[in-house]
Amino acid sequence: MIQVELTLKRASASRLSGQWSVDDYDVLADCAVVGRIFKANAAPVGSPWMWTLAFGHYEDRTPTHGYAETRQAAMAAFAKSWRRGAPDI
C-alpha cells in the first residue's frame, strides 16, 4: 500500500477569503484539502484541538472527527482515521 503524505497548511494561506485564526490549519493530501485541524472554542477540557475529515473524504473512514490535547496529537489521530479507509495500491 502506498501511503499519501498528509501535510498541514495554515488556513490563512490555504483559503482565499475570510479571516482565520493562527491555530487553524487545512490538512492536504496530494495538494487537495481533505480535512481541518483547529483550536476549537468549545471543546472538552484538556483537548482543545479538533480534527475533522472534509465532507466528501469520509469514504469508509471512522471516526470522522475528534479532539486532542495537542496539534500533533490531532494530526496523529487524523492520519490514523485517514489511513484506515485508504485503498490498497
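**Exercise 1. The loop between strand 2 and strand 3**

Is D30 buried or exposed? Work this out for the predicted model, then describe the backbone at D30 and C31.

Solution. Step 1: locate the residue. D30 lies in the loop between strand 2 and strand 3. Step 2: compare its accessibility with the cut-off. Exposed means over 50% relative accessible area. D30 has 65% relative accessibility, so D30 counts as exposed. Step 3: look at the backbone. The phi angle of D30 is near 55°, a positive value in a residue other than glycine. Step 4: repeat for C31. C31 is also found in the loop between strand 2 and strand 3, and its relative accessibility of 76% makes it exposed. C31 has a positive phi of about 70°, although it is not a glycine.

**Exercise 2. The sheet**

Find the order of the strands in the sheet and name the edge strands.

Solution. Step 1: the sheet is open and has five strands in the order 1-2-3-4-5, with antiparallel pairing. Step 2: an edge strand pairs on one side only, and this holds for strand 1 (6-10) and strand 5. Step 3: from one strand to the next, the twist averages 25°. Step 4: take one pairing in detail. Strand 2 (residues 24-29) and strand 3 (residues 32-39) are joined in the antiparallel sense over six bridges. Within this part of the sheet, D24 stands opposite F38 in strand 3. Step 5: add the helix. Helix 2 packs on the sheet and touches strand 1, strand 2, strand 3, strand 4 and strand 5. The direction of helix 2 makes about 20° with that of strand 4.

**Exercise 3. The aromatic cluster**

Which residues form an aromatic cluster with F78? Classify the ring pairs that F78 makes.

Solution. Step 1: the whole structure holds three aromatic pairs. One of them is W51 with F78, at 6.0 Å centre to centre and 80° between the planes, an edge-to-face arrangement. Step 2: place the two residues. W51 is in strand 4 (residues 49-53) and F78 in helix 2 (residues 71-84), so this pair ties together parts 27 residues apart in sequence. Both W51 and F78 are buried. Step 3: turn to the rings of F78 and W82. Their centres are 6.3 Å apart and their planes meet at 15°, so the pair is stacked. F78 and W82 both belong to helix 2 and are four residues apart, about one turn of the helix. W82 is buried, as is F78. Step 4: combine the pairs. W51, F78 and W82 form one aromatic cluster.

**Exercise 4. Arginine and tryptophan**

What does the charged end of R61 sit over? Describe the surroundings of R61.

Solution. Step 1: R61 is placed in the loop between strand 4 and strand 5 (65-68). Step 2: the relative accessible area of R61 is 5%, so R61 is buried. Step 3: the charged end of R61 sits over the ring of W82, 3.7 Å from its centre. Step 4: the side chain of R61 also reaches the backbone oxygen of W82 at 2.6 Å. Step 5: another case of a charge over a ring is R15, whose charged end lies over the ring of W20, 4.2 Å from the ring centre. Step 6: return to the loop of R61. P63 is found in the loop between strand 4 and strand 5, and a cis peptide bond joins T62 and P63, with omega about -5°.

Conventions: Residues numbered from 1 in each chain as written. Heavy atoms only, no water. Phe/Tyr/Trp six-rings, centres within 6.5 Å; stacked < 30°, edge-to-face > 60°. Helix = DSSP H or I, 4+ residues; strand = E, 2+ residues; numbered from the N terminus. Buried < 20%, exposed > 50% of the residue type's maximum accessible area, 1.4 Å probe, protein only. Lys NZ or Arg CZ within 6 Å of the ring centre and 35° of its normal. Polar contact = N/O pair within 3.5 Å; in protein donor to acceptor, adjacent residues only side chain to side chain. Pairing = 2+ DSSP bridges. Axes fitted to C-alpha atoms, helices over the stretch in contact; angles between N-to-C directions. Contact = heavy atoms within 4.5 Å.
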